[in-house]
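Please open the structure in your viewer and keep the selection tool at hand. The tour goes from one selection to the next.

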Amino acid sequence: MTRRSLQASAKGISKAEAALIRNSLTQQGLAGELGISRQPVTKFFQGKPVDRYIFVTICEKLNLNWEDIIISSSFPEVEQPASVSQMQSLVQIVREKVHDSIQRRCGVMRVLDMEQPRRLDTIYTQVNIWQRVSGRRRLDIAEISRNFEPGKYNCFNLGSLQQPRRPALEAVETHDKLIILGNPGTGKTIFLKWLAIQCNLGEYKGDRVPIFIHLKDFAEAREQPNLLEYITEQFEECGVAVPNAVLNLLTEGLAFVLLDGLDEIQDADFERVVRDIHRFTTRFYTNRFVITCRVAARKYIFEQFTEVEIADFDEQQMTEFVSKWFREEAPIKAQYVLHKLQENQSLEELATNPLLLTFLCSFFAEVADFDQAQIYQEALNILIKEWDEQRYIQRDGGNKQISSQLIEELLSEIAQNTWDRREYFFKQEAIVQMISEYIQNLSDAKRNINVVEIDSAALLKYIQVQNGLLVERAKRIYSFSHITFQQFLAGKNRRYF
């Protein structure tokens, strides 16, 4: 292997400083142009060792020949390649060091009103993916509606909307670079954590080192490190003291990199983070990568990645999840909950969403007699407000000034307009027009927003990403995520207006 770091000579630093002036750049500006943190750029101009790849990238940006800039003693010497046994030993050392951190960060889940975390392995249910991303199929409303039965369980996955499912793990195995898209609450993060745990325990890709990164935390890290620096810091915190351990593992393709929540990155950080992910996955292409993102938040195409969409739960998955949820505390309760779902088709439809199924399990664990409207309202509150709030996620854009109450009222207006006409699917132009009319007709008491600044098409996308209550079933064809919500919101509308 070649030496991993290079240093600039005094003469080389002078050339680089002159190039900075010539290109009207500062060190901070150069770092921004390259999508890296200020730290390696500062080291470069101080004549300190800098990662070879970054050193060469800086020189290329300044239109300099890197071989003319390095100090002679740092000229890359050819070293003996590491043996297979040496790399296997490194993998084992690092796996042992990061094991506890992965288990701690990925081995439990705690959502909604859960009073204590649950071990992931006690409730995890295998997930499936659709063969194609739903919103990219070219279907028209007449074709979708031909055999559509709104009163039938899971009606949105029947007829022409039905498509083959396959285990998500098969997709991970088939594609070494994968993006898993999904609506809110469909279990993207849980699946990624499960992959990390399986790798950590040696059950899957046990010959690799699992690297789990919550992209929101990475984007907001102090001094804006790049991914290589960020992972190195994580490893050092776990006690990995082997020099260049991260770089060597990534160079040899021995990492299983899991990047969670691309949609959770603030707009101010998005371009920088995406550029770094692209550079990182291109440079270390021999590793395996999985990224998760909400389906409507895709703002960038990673050319080397395959995209799939996570599917809702089917009846078998719901049964498995409920049985596992109550296995330790009240196994008889599981039968009660499953019976309630089977006898109430509207609740069973909500339960196809793993987050809402978790809510229903928690609800029925404490409540025997229930008001169905109360369940629908709590489920709406979870999707419209609580799910993002509990994870400290703030969606960007001018539409965030619209309160959750106004979002609910807007959805109620759309629900009534469509439900009364027995319309379950609507073109994007029609729903954008309904949004525009709603905003323009707001009463003076509710005009606490700048109506002029609201882009109706952007607000539709915001709603789709933020709560998933409106879903793109085919290209530019929308519906409510559940018939239950459309009917319930339509009934509430007259209380608002």
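The stops below cover a sheet, the helices that lie across it, and a pair of helices elsewhere in this predicted model.

**The sheet**

Select residues 426-427, which form β12, and residues 470-474, which form β13. Add strand β14, residues 477-480. Together these make an open sheet of three strands in the order β12-β14-β13, and the pairing is antiparallel. β12 and β13 each have a single partner strand and stand at the edges, so one side of each has no neighbour in the sheet.

Now look at where β12 meets β14: the two pair in the antiparallel sense over two bridges. Show the side chain of phenylalanine 426 and look across to β14, where tyrosine 478 stands opposite.

**Helices across the sheet**

Next, select residues 404-419, helix α20. This helix lies across β12, β13 and β14, and runs at about 105° to β14. Then select residues 456-466, helix α22. Helix α22 lies across β13 and β14, at about 100° to β13.

**A crossing pair**

Move to residues 27-34, helix α2, and residues 52-61, helix α4. How do their axes cross? They come within 11 Å and cross at roughly 105°, which means that α2 is roughly perpendicular to α4. The contact between α2 and α4 involves three nonpolar residues, one polar residue and two charged ones. To see them, show Leu30, Glu33 and Leu34 in α2, which meet Thr57, Ile58 and Lys61 in α4.

Notes
Residues are numbered from 1 along each chain as its sequence is written. This is a predicted model: local features need pLDDT of at least 70, side-chain atom pairs count only at pLDDT 80 or more; totals for chains, interfaces and linings use all residues. Side-chain values use heavy atoms; hydrogens and water are left out. Two strands pair if DSSP finds at least two bridges between them. Helices (H or I, at least four residues) and strands (E, at least two) are DSSP runs, numbered from the N terminus. Contact means heavy atoms within 4.5 Å. Axes are lines fitted to C-alpha atoms, for helices over the stretch in contact, and angles run from 0 to 180 degrees between N-to-C directions. Angles under 35 degrees count as roughly parallel, over 145 as roughly antiparallel, 65 to 115 as roughly perpendicular and the rest as oblique. Ala, Val, Leu, Ile, Met, Phe, Trp, Tyr, Cys and Pro count as nonpolar, Asp, Glu, Lys and Arg as charged, and the others, Gly among them, as polar.
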